[in-house]
Every structure is written in structure tokens, then in C-alpha cells.
Amino acid sequence: MTLFERDSEIGACIQAFRSAEAGNGSCIIVSGGAGFGKSALLETVTSEARERGITTVTFRGNYAEHTTHLNFTFHVLRSLMDEFIQIASSGDLRKLAAEIDAAYENCKATLEWSIENSKKIRGDIDSFIGRIVRLAPTPGILLAIDNLHWLDLPSLEWMVSITSRIHSWPMVIIASVCAGITGADGDILDEVIVGADRRLELKSLNNQSITRMLEGRVQAHADENLCSKIANLTGGNPLLMENLLQKIEEQGANLDLKQPESLAGVTIPFLAASLRVRLRRISPEALEIYRVIAVLGDSPTIHSVSELCGLDAFACADFCHAMEKLGIIRLENDRVAITQPLLANSVLRDSSPKSLRSVHSQAAALLKDLGVSPQQVARHLLMGGCTADAPWVLNSLRLAAEEALSLDDAVTASRYLRRALEAKLPDEARAELLVLLASLVARVDLDEAARLIGQSISLSDKTVAEKISDDLLILLRLGRYKHELEIIHTAAVATKQETAQTIIHLLTDPGTINVPDAITEYKQSPLPAILQFLKIAWAGSAGTEAMSLATRATIWDHRSAMQAIAQLAGAHVLSLAGDHQSALRQCDSVLAFAKSRNILPIVTLALLQRSSSAFRIGRTEDSLQDARQTLEIAKRCKFHAAMAPATAQLVNVLIDVGYLEQAQVALNEGSAALTGIGDKLSSELLYARGRLNLIVGDTEAAVADFLACGERLVCRGIFNPSVTLWRSHAAQGLDELGERVEAQRLMSEEVALAQKWGFPGTIGESLHLSATIAAPESKSSLLSEAVELLRGSQEKSYLANALYEYGCALSKNQPAVARKILRECYELAEEFGLTGLSANARQQISEIGGRPPRLRMRGVGGLTDSEKKVALLAAQGKKNREIAASLFVQQRTVEIHLTNTYRKLGINGRDELINVMHPQPRPETRASQA
């Protein structure tokens, strides 16, 4: 094992060698806990002694031979004689060797060991050692003893004697002692240690040494988080470090060092076996004490440990004191803590499941009686064998779930509730627990939440109506679980649960709301106002009023899913009104809340809205990333109702940036997924499919899709063109099919509705699209008005497209003006990543006699923030999987960012990134700097 942080100890030993060579002997004791590198240190200094020409004798004490009298002493004498005779075989040496052999045989033949025998043999040994020192043919002698504590008693007594006389001999004794092990006789061992000239106590390794070990074995650049995790697992113990590194090397890809948490469950059977041996030598009870401490965790009191082990508290404290000396636990007043979790994990893994369940069950009962927190009790109930039928068990689990919820730990609370549901409960009590569990599960799996609600309804629909939360009701509504809501509403009516009645009524029949009531109720709940301002905004009337109500929705504190929905609804209306920057701020705020609570349906909706708003202001790559992530999370949490709009958003963005093949693939996959769950295409998906059909030339299919989209929107009371410009696109298709009258009617209706809504971005885009089928004499004026309106709005993507149409319209009669407008279009399209539009604008400029804009030397400055982060990590040599994990995005997102980065930087691949992201100075530059 490579030594770290032991230079001072090695230096002290080498200094002792120098003194011994000058005739001044000494004794050094090396102490430390198990696995701290005592044996490795002895091996190192023994090699150093041999290189200096010092005669070296090594001995390793062991438990099995610690009762064999003078085994160590005669081994030393005979080994020294063997070494000397090989160097200089003289008559005196051979005679002395024969005498030592005879004494050893006499010692072995002694059947009864008495004080008289001991004194006579020790006298002979003292004489032998004196003669050996005088006859020594080398400049010095090293006696290296590993595990001094396991020497037999007479040898320990001889060590006490020799340490007092060694100073006049050319001899060095270096002996290791494991703290906490008393051996054959603790008192005699203490005399040897006290009589030594120097004591070297080995400490645990610091983080710097751990970093060096990691970098030398498994990772080129060990990060601080990983080093800290390994330090915590091993307590800085060199032996545990070595075993852990071997485990990491063996498992390779199975352990993700980028996620140090993956190391938490690592176990090493050898360590458990080694600890069993050591602890049994302390006491038969020591292993059980250590196991109980590991099971209890959280620094239990010695009283708790002794109670579970059935031991006297004072005896338990003595055993703990011995284990502390070993370095495997730490005592703090009346509490005890594990210092090396890796060791504890290995011991627990080595224990039988039955014994561990028994200890956990006893621990739960004891901790409950001691009045500790419910979660401490419940943690053991989860792993113990206690039946959940016992009243105290059920009560502890319920209280622990409430405590976990108060800390926003829904995952742990769910585990407690599922354990509680194993009990035999009355229907009403089981239904209540199922409702609470469903409210937690709905955060990550809407289908499972609906299933749990179905179970609870079958037990007691009245209990469900009474106990169900507002948040769970709205999540069920978002997931479109209408059947369950209808049953709950019926039960709420029967039991006069007015809150549940009102909320379900509002969610399923919002048409009965009036504005004054909504504003009044808004002081208590955001739901009426949410539905009211959405109704106003979707209708496309009273835009100022809708904005006012939507702005009020953004002031709610994040304490519930309902309030988060209120803020997202407000962001949606702000976006419809063209204030995308404010909408983005609201989305970011909701995302922070939803991610902190792990409410995935809310995360899905926030990402969906953020993608839409980001695209409208030109943040194309960010919009694309959010759209992909929205779809991924919607699938993960079974938010089927969000999959259609999420797919539609992704398809729309891909169309606008010119990735038509990817758009078709996304559309096909989304449609197949919806068919698989028995859902029909939504208005959003029909609109996206219509756009794609229109582009590829399937005009009839496109018109059918747009009209079907419009029919569904109108049925829902959605007339506002800012939601979807289905009329304009249908009109474009109808115009191509020769149905100009109907096309003009739809287009005029769109413009009128946009003007009624009253916000410049929507009006500008409706005019822009209207111009595409207008008569030639009016096209330029319509586009001029559209461009001016869009320039005064945040609708940058719309503006870029309108500029292109405007430039093309002016190209024949006003080519100079057209070229200027097309150049503005090109700059915007390049900035926003609208590759198809930028290419069209560049070509059009060339066709009307202008010099094509120079292709941008995009450089690092042209990268989005997301692209730059990915590029920097890729330039450091990280793989796509590692980058995705580091940035918490999908691997596909990383691939897209790298593709865009290569295009913008004008490079062919990853190998060229390092020179672009980290350019090296030219030689002359370095010279001038020097």
C-alpha cells in the first residue's frame, strides 16, 4: 500500500538508525487504529534499514500464538544468529547459536511455566542478547515488531526489560500497536509503550492525500465533492481507502463517480470479516454493539445501545471505549457515532436479514418510548418486522409522514404511508391514507395517483370528498381523470362538502363564473380568478381586464400547486398579450418552486409555457431544449394531457428553425403515443400537423387540419388569434386551392379578432399573414404596417418572417429598400438560429442585385449560454453522457447543442473544440509577454 502523510514518521525512524549506528539504541512505538498503515510503515523503514546495511529481524505477532511462551524472544535470537552466521561464520557465533537452540528446546520441553522458570530463562536470554550485540558483524540491528500487543506475556516482560537497556546498544526496536487491543496483558503492554523513547501516532488521511490517491488510481481530476464523499465513507482510513479504490476499479462503469451518491451503498465483504475478528478479540459482545450502533445511526446514546444489546450501560461504555481506540467509532459525551460508514455498511450487509429486522423492530419500540422524533422511529419501522396493526406503529408512521411533508420530503412521506397501509384498517381510515398517499404520488405519477384515488373511492367516497386536497383535485383535472372527479363531486354533494363541490364545479364547468364573484373569491383561492381571466383572454375580449387579473396572479406566494397554476395561467395570459419577458420570469419562478417540491406535472406546464415565450422573443435554442424536456417529463410523470401540446410545441419550433425531417419524426412519434393511450389529436397537434402539411405541399390535408383545430378551439370558447393563428393558415391553404372568398373571410375575421384583442404583436402577425394572400397593390402597405407593429413588440420571430415577406414584396419596385429590409431579416434570423429563413434572405438579396451578406464568423460569441456551457465541458474531454448529467439535461439536448456549436464555429467536430474554446497563444505572443 502506498504511504501518504507518513514522511515525518519515516524521518524519525531513519534518525534512530543513525543514532544506533553510533552506538545509541532506541525504541519507537507506532500506534494507530486498525488499517491506519502501521504494517506498511514498518515495511518501508525495514527496507530502508536493509539498504543501510543494518541487520534486520522482523516479527508479526498474532492472536493464535500469543499464549506460546517466549515464541517471539527465541525467534529474534535465532533469526539474529542466522543473519550473523551468513555474514561472518566464526566459532564464537556458532557456539552461541548452539546454546540458543538448546535453551529454546529446553523452553519448549518445560511443561509448567513458573516464576522461577521464567526468571532463569530470562537470565539466559539477557546473556544471549548481550553476547549477540558484542559479536554483531554489522553497524546496527533493527528489530521490527508488527502487532506488539499479541506477543506472549514472557516476551512482553522481556521487552520491558530490554527497552531500559537498549540505549547503550547499536539496536533500534520499532514496534506497532493497534489502539484498543490489550493483548496478553494490557498493563505490561502499557509499560512497554511508556518505556519507549518515542511514540508515533498515525492519523487519518486528509482530503489532499485522498485526492492524490484518487488521481493516481481511478480519476485524472478528482473533484472536491467526490473526495469529500470518500473521506466520509472511509474516515480517511488508508486500508479502507485502498479497498474502496479496488472496488471502484473492479466495478468500473457500474459506479458513476460523477454522482458520488452511488458510492453510499458500496460494501466490501472482506472488511466485515476482518472487523468480526478484531471485535471478538475485544469481547464477544463487541460485534453486536457495533452492529446495533450501525443500525441505530444518528449518533445514538450509550443507554439506547446497551438497552438493545441487553448489557449493563457501564460495560457497554467500556466496550465502546475500546472500539474508539480502534478508530471505528467516536464517543461524544453519552453518544456514539460511526466514523467509517463503509465499514458499517459492510458489517450490516454481512448480517442476516432476520437479525437486522429484529434489531430495527426493537430500536423502533425503544426510540418511541424515549420520545424521539416520529421519523427516527419510522425509519426503523420501515426496515423492521413490527406489524403495522399495532396502534403505536400506525400512529408513528402517520406522524412521521406528516413530519416529512412539513420538510417537503414527499418521497419519504410516501414510504411511511405505504408501510402504514399494510395494516388491517377500517375502510374509512384506509381511504384517508390512500387519499394522502395519492396527493404525494400525483407529484411524480398521475396515473398511479388516479389509481389510488379509485381504490379510496371504492372504500369510502365520502371520506375522499372530505379529505381530498385542492392541489390533488387540480392535478387530477389537469390529467383529465373526469370519472374520478365526477364520483368525488357526487359524494361531496351528498355529504355537503362545499369546498370540494365548488372546486370540482369550477374545474368542470367554468362557464358559470362572473367577474365580480371571481375577484371577491380571489382573496381566498386563486381558482375562480384563474378561470375568469383565462376565459376573458381566450375569448379575445377585454384584454386590459385580462392582463390586470393575470398580473394579480403573479403575486401569490408559492405554497401550493394551485398557486403555481395561478402564476402559470398569469404567465400564459401575459404571453398572449405579447409580454413574453414577464411571462418568462413567472415561468422561472414556478419552475424553481415545482422542482424544489418535485411536482413534475407543474414542471411540465412551466417548461411548456417557457418554451413558447422563449421562441417568440428569439431564444430559439432555449425554446427547443425546453420543448424536448417538456415532452420527456410529461412521459415520465404520465401527464398524458400535456403530451399533445408538448409534441405540438416541439414540432412548431422545429418547423420554424428549418428542421423539417425532425419535425415530421416528432409529429409521428407524438401521434403514435396518443393513439396508444386512446387519446385523439388535440387542437395544438392538429395545428402543428397542418403547418407541416402546408409546407410539404399537402394543401388539402393542411386545410382540413386547420379547420378541425379551429372547430375544437371555438367549442372551448377560444377565439383569440394570439392562442393559435389557425384562420390565417387555413386561409393560405384555401387560397392555394382556389377558394379565395372563404380564404378572405377567414383572414378578415382573424385580423378583426386580433384588433379586438388589442396587442400589437398579434395584430402585426395577423396583418403579415393577411398580406400573403392579399392583392399585389395592397400587399406592401399591409406588410409595412405589420413590420412597424412587430418592431414595437417582443415578437422577434414574427418580425423576422414579416421582414422577409416585406423585402420580397418590395424587391421589384424598390430593390434598394428591399435589400436593406432583407439584410435586417438576415441578421435577426442568424441571431435566432432560424437557419432556413436566413438562407432564404441571403439568396433573395443576391437575386435582386445585392451583395450577399458575408456568412457570419460566428465564433464563441455567437453561441447561446447553453451551447457555451456544453462546448466548454466537451472541450475538457467530457463525454455527452457526463455533460448531460452535469447540466441536468437529456443526452439528446447535448447532441443538439454540439451540432449547432460546430455549425456556428465552423468546425467539423469535437477534436477542434479545444483550440476554439481554449486557444493557445502564438509563440511570438508568449515571447512578448515574457
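# Notebook: salt bridges, a helix face and some buried spots

**Entry 1: R619 and its partner.** I looked up R619 and got a relative accessibility of 36%, so R619 counts as partly exposed. That label fits because partly exposed runs between the buried limit of under 20% and the exposed limit of over 50%. Note to self: this is a predicted model. Who does R619 pair with? Its side chain meets that of D622 in a salt bridge, at 3.3 Å from N to O. D622 is at 21% relative accessibility, so D622 goes down as partly exposed too. I wrote a reminder in the margin: side chains of opposite charge can pair when their charged atoms come close.

**Entry 2: the whole chain.** I stepped back for an overview. The chain has 930 residues, and 52% of them are buried. Its secondary structure comes to 47 helices and seven strands. For the accessible surface I noted about 41,100 Å², with 50% of that belonging to carbon and sulfur atoms. I also checked contacts between residues with a separation of 6 or more: 67% of these join residues 24 or more positions apart. The salt bridge count is 26.

**Entry 3: bridges from helix 34.** Helix 34 covers residues 683–696, and I found two of its arginines in salt bridges. R691 bonds with D656, and their closest N and O atoms are 2.8 Å apart. Since R691 sits in helix 34 and D656 in helix 32 (residues 640–657), this pair ties together parts that are 35 residues apart in sequence. Is R691 buried or exposed? R691 comes out at 14% relative accessibility, so I put it down as buried. D656 has 26%, which makes it partly exposed.

R689 has its own partner, D705, with the closest N and O atoms 2.7 Å apart. That pair links distant parts of the chain, as D705 is in helix 35 (residues 699–715) and R689 in helix 34, 16 residues away. Here the acid is the buried one: D705 has a relative accessible area of 5%, while R689 is partly exposed at 28%.

I noted one network as well. R727, E742, R745, E749 and E750 are linked by salt bridges.

**Entry 4: a greasy patch.** Still in helix 34, I looked at I695. It is at 45% relative accessibility, so it is partly exposed. Which residues join I695 in a nonpolar surface patch? They are L660 and V696, and the three together have about 250 Å² of accessible area.

**Entry 5: helix 18, face by face.** Helix 18 takes in residues 391–406, which is 16 residues. From its first C-alpha to its last it reaches 23 Å, close to the 22 Å expected at 1.5 Å a residue. I listed its buried residues: V393, L394, S396, L397, A400, A401 and A404. Looking down the helix axis, they fall within an arc of 160°, so they line one face of helix 18. The numbering pattern made sense once I recalled that an α-helix has 3.6 residues a turn, so residues three or four places apart point the same way.

What do those buried residues pack against? I found four helices: helix 16 (353–370), helix 17 (374–383), helix 19 (410–420) and helix 20 (427–441). On the other side of helix 18, P391 and S406 are exposed. After the helix I came to D408, which has a positive phi, near 60°.

**Entry 6: R419, tucked away.** R419 is in helix 19. I got a relative accessible area of 8%, so this arginine is buried. Skipping neighbours within four places in sequence, I listed its contacts as L381, L382, G384, G385, C386, A388 and L397. L397 was already in my notes, as one of the buried residues of helix 18.

**Entry 7: A829.** Last stop, helix 41 (residues 815–832), where A829 lies. Its relative accessible area is 1%, so A829 is buried. Which residues does A829 touch, not counting those up to four places away in sequence? I found L834, L837 and S838. I also checked A829 against L799, which is 30 residues apart from it along the chain: their C-alpha atoms are separated by 9.7 Å.

Definitions and conventions: Residues numbered from 1 in each chain as written. Predicted model: local features only at pLDDT ≥ 70, side-chain atom pairs only at ≥ 80, totals over all residues. Heavy atoms only, no water. Patch = residues over 30% accessible without salt bridge, like charges linked within 9 Å, V, L, I, M, F, W, Y side chains within 5 Å. Areas by Shrake-Rupley, 256 points an atom, 1.4 Å probe, with all protein chains shown as cover. Salt bridge = Lys/Arg side-chain N within 4 Å of Asp/Glu carboxyl O. Buried < 20%, exposed > 50% of the residue type's maximum accessible area, 1.4 Å probe, protein only. Contact = heavy atoms within 4.5 Å. Expected span 1.5 Å × (residues − 1). Arc of directions from axis to C-beta.
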